[in-house]
Amino acid sequence: MPATERATGVRRTRLSPEREAELYAAVVALLREVGYEALTMPAVAARTRSSTATLYRQWGGKPGLVLAALRHHQPPPDALNVDTGTLRGDLQEMARLVTSVAPVEHELMAGLSHAALGDPELAQSMREQFAKPAQETMERMLRRAVDRGEIPADTPARAYCAHLLIAVSLVHPMLEGRPLDQDHLLDFVDAVMLPALRQPAS
């Protein structure tokens, strides 16, 4: 039995991939219309011609359903396996992946991050489904850079790289009043991330 079923004590009904994709598309559309906090399971049920009981049985609640829908719309996991042969190239490719996401998706993630401050279940789900994979990907990149001798193994900035990329993608639109663009993030890599990573512990 999958972990989600053990945690909820409820066995999921198998849905066809087409039906799941239809449900996820409706959830993302509703998120864009009303935001996370105003989205309700009855509204999703009405939009998707489902019952709320079915939605709860499948996803356990709003956080599980919303994050499953967003994950469905993310690039496939293999897209994060960046290995250009240099740390600068890897970070630049990650920057391109971040900025390839539509601005509306950044807005959704920013809204979810805000909602997570008051919703421990949502916060935990976001850490597991988005933050942890990003941190693991970044650590693999940095480990290769250490092995190549590009950065010192004890650089203090190593622990914060994933935080930096995630934070700038969420905060930039608020500070600048426009979506994050590729050139800006590439400059951020060269001006902030690489210099910090090249500094050994004092």
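**Helix H2 and its surroundings**

Reader: Which residues of H2 are buried?

Author: This is a predicted model. A residue is taken as buried when its relative accessible area is under 20%. In H2 the buried residues are Leu-23, Tyr-24, Ala-26, Val-27, Val-28, Leu-30 and Leu-31.

Reader: What distance should the 18 residues of H2 span, and how far apart are its end C-alpha atoms?

Author: H2 covers residues 17–34, and each residue is taken to add 1.5 Å. The expected span is therefore 26 Å, and this agrees with the distance between the end C-alpha atoms, 26 Å.

Reader: Which residue just after H2 takes a positive phi?

Author: The place to look is just after the helix. There, phi is about 85°, and the residue is Gly-35.

Reader: Are H2 and H5 roughly parallel or roughly perpendicular to each other?

Author: H5 is the helix of residues 62–72, and its axis comes within 9 Å of that of H2. The two axes cross at roughly 105°. Angles of 65 to 115 degrees count as roughly perpendicular, so H2 and H5 are roughly perpendicular.

Reader: How many residues of the contact of H2 with H5 are nonpolar?

Author: H2 contributes Ala-21, Tyr-24, Val-27, Val-28 and Leu-31, while H5 contributes Leu-65, Val-66, Ala-68, Ala-69, Leu-70 and His-72. One residue of the contact is polar and no residue is charged; the nonpolar ones number ten.

Reader: Which residues have the most contacts inside the largest nonpolar core?

Author: This core has 28 residues. H2 and H5 each supply at least two of them, as do H3, H4, H7 and H8. The residues with the most contacts inside the core are Leu-31, Val-66, Leu-70, Leu-112 and Leu-122.

Key:
Residues numbered from 1 in each chain as written. Predicted model: local features only at pLDDT ≥ 70, side-chain atom pairs only at ≥ 80, totals over all residues. Heavy atoms only, no water. Helix = DSSP H or I, 4+ residues; strand = E, 2+ residues; numbered from the N terminus. Expected span 1.5 Å × (residues − 1). Buried < 20%, exposed > 50% of the residue type's maximum accessible area, 1.4 Å probe, protein only. Axes fitted to C-alpha atoms, helices over the stretch in contact; angles between N-to-C directions. Parallel < 35°, antiparallel > 145°, perpendicular 65-115°, else oblique. Contact = heavy atoms within 4.5 Å. Nonpolar A, V, L, I, M, F, W, Y, C, P; charged D, E, K, R; others polar. Core = buried A, V, L, I, M, F, W, Y, C linked by side-chain atoms within 4.5 Å.
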